[in-house]
Amino acid sequence: MAPLSWRHHTLLQALLSRGPLSERDFHDLFAAISGGKNPATHQQLFNDTLLKINKELSYLQFELRACINQYDGAVYYGVVNNIADEESKLGSKYSVPQIAFYKGLLEAIVHEAGNDGSITNIDALNTRIENQVVIADASQDSQSRLPTSITNFSLSQKEKTLNELIQDCWLSYTPTGKIGLGIRSFLDLRSWFRSNDIPSCEVCNEAGIMASTCPNEGCNVRIHEYCLKKKFSQRKASRACRGCGTEWPQLEGEDDDAEDVNEPEEDQVPSANRRSRTRHRGVKSELVEENERTGPSARMTRRSLRSSKAEAVEAAREVPSAGPSQSTRASKRRKN
């Protein structure tokens with residue numbers, strides 16, 4: 001197989017140096033290195049490029065992967081490590097207590113925050129990290145066996161670590177201002193979500209961190225909001241839950257979209273009026289041409305006919321009122 005070209009290296013270098021890129025930025029970068037070929041119109045070329053990169057990265061247990069940010073539905077691309085072992089942890093810039101703090105935040109967001117997929121800043125700083133450290137000798141008191149770096153991990157250190165995790169995209173601020181998972185967590189922790197039995201979305205089969213649950217409290221089915229919109233975008237799509245058959249409620253703004261489909265668009269109404277006016281102008285022009293062809297004599301004849309018709313109509317209107325007086329005068333003349 002041919003080695004990677006400078007185009008492949010450019011894509012990899014951008015992802016490794018700048019971190020995960022949004023779909024728009026990644027597509028713009030691909031178009032810039034491929035002579036203006038947009039992935040939307042050159043899908044096969046785009047897929048072949050990513051496949052070639054992943055074949056080379058597989059020898060290093062790395063992968064160029066795409067995922068969706070569950071808080072806004074945006075697609076991102078990034079390079080991830082497919083092996084989670086002690087050796088791979090050596091490449092991390094975070095210390096042992098910082099990693100333990102991140103694990104505690106991860107569990108709090110995934111397990112304790114329900115379907116919101118976020119926790120408050122205060123809850124994040126109050127996260128305990130003692131349970132995230134494995135003690136080799138469990139026969140003795142675990143508290144006494146904890147490293148001092150864990151026991152002395154202060155609140156200011158937690159706050160500093162929290163800001164670093166958000167800056168490095170392991171965590172993020174959600175639209176509601178809470179602490180949620182970052183795009184790097186969605187990229188790297190796919191296998192962790194599955195191994196820890198995190199409920200997955202019924203539509204896309206990805207972990208349902210930020211997802212809507214079935215209206216039936218006894219049902220555990222979860223679906224992402226963007227998956228719900230896609231699933232129910234068609235009128236004939238079934239709204240029944242696959243787990244229990246309960247009807248899913250309508251999404252916000254769904255009725256408005258349905259009404260917009262039946263109503264004409266704003267630019268269609270003026271066009272219809274313009275067509276009507278055009279037809280009227282065409283009929284008028286035909287009448288003018290006909291008058292010009294028939295000549296002045298015919299026009300005079302039609303005028304006289306119209307005037308005679310008008311006089312006849314006026315006479316007919318006057319007959320009922322004049323009728324009784326005329327018959328009275330006729331009877332007087334006969335008597336005389």
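The following exchange covers why certain labels apply to strands, rings and residues in this predicted model.

Visitor: What makes strand 2 and strand 3 a pair?

Guide: Two strands pair if at least two bridges are found between them. Strand 2 (residues 62–68) and strand 3 are joined over 7 bridges in the antiparallel sense, so they count as paired. Ile68 stands opposite Val75 in strand 3. The two strands form a hairpin with 6 residues between them, and Gly73 in the turn has a positive phi of about 75 degrees.

Visitor: How do you know that strand 1 pairs with strand 3?

Guide: The requirement is at least two bridges. Strand 1 (residues 21–22) and strand 3 (residues 75–81) have 2 bridges and run antiparallel, so the requirement is met. Ser22 stands opposite Tyr76 in strand 3.

Visitor: Why is Tyr59 called exposed?

Guide: Exposed means over 50% relative accessible area. Tyr59 has 65%, so the label is exposed. Tyr59 is found in the loop between helix 3 (43–57) and strand 2. With Leu60 and Phe62, Tyr59 makes a nonpolar surface patch of about 370 Å².

Visitor: Why is Cys214 called buried?

Guide: The cut-off for buried is under 20% relative accessible area. Cys214 has 5%, so Cys214 counts as buried. Its place is in the loop between strand 7 (212–213) and strand 8 (222–223).

Visitor: What does Cys214 touch, not counting residues up to four places away in sequence?

Guide: Cys214 touches Cys219, Val221, Cys241, Cys244, Thr246 and Trp248. Cys214 and Thr246 are 32 residues apart in sequence, with 7.5 Å between their C-alpha atoms.

Visitor: How many aromatic pairs does the count come to?

Guide: The count comes to 8 aromatic pairs.

Visitor: Why is the pair of Phe101 and Phe153 called tilted?

Guide: Ring centres must lie within 6.5 Å, and planes neither under 30 nor over 60 degrees apart count as tilted. Here the centres are 6.1 Å apart and the planes are at 50 degrees, so the pair is tilted. Phe101 lies in helix 5 (residues 96–112), while Phe153 is in the loop between helix 8 (148–151) and helix 9 (155–167), 52 residues apart. Both Phe101 and Phe153 are buried.

Visitor: What makes the pair of Trp192 and Phe193 edge-to-face?

Guide: Edge-to-face needs planes over 60 degrees apart. The planes of Trp192 and Phe193 are at 75 degrees and the centres 5.8 Å apart, so the pair is edge-to-face.

Visitor: Are Trp192 and Phe193 buried or partly exposed?

Guide: Buried means under 20% and exposed over 50%. Trp192, with 23%, is therefore partly exposed, whereas Phe193, at 4%, counts as buried.

Terms used
Residues are numbered from 1 along each chain as its sequence is written. This is a predicted model: local features need pLDDT of at least 70, side-chain atom pairs count only at pLDDT 80 or more; totals for chains, interfaces and linings use all residues. Side-chain values use heavy atoms; hydrogens and water are left out. Helices (H or I, at least four residues) and strands (E, at least two) are DSSP runs, numbered from the N terminus. Patches are made of residues with over 30% relative accessible area and no salt bridge: like charges are joined within 9 Å, nonpolar side chains (Val, Leu, Ile, Met, Phe, Trp, Tyr) within 5 Å. Accessible areas come from the Shrake-Rupley method with a 1.4 Å probe; for residues, only the protein chains shown count as cover. A salt bridge is a side-chain nitrogen of Lys or Arg within 4 Å of a carboxyl oxygen of Asp or Glu. Buried means under 20% relative accessible area, exposed over 50%, partly exposed in between (1.4 Å probe, protein chains only). Contact means heavy atoms within 4.5 Å. Rings of Phe, Tyr and Trp (its six-membered ring) pair if their centres lie within 6.5 Å; planes under 30 degrees apart count as stacked, over 60 as edge-to-face and the rest as tilted.
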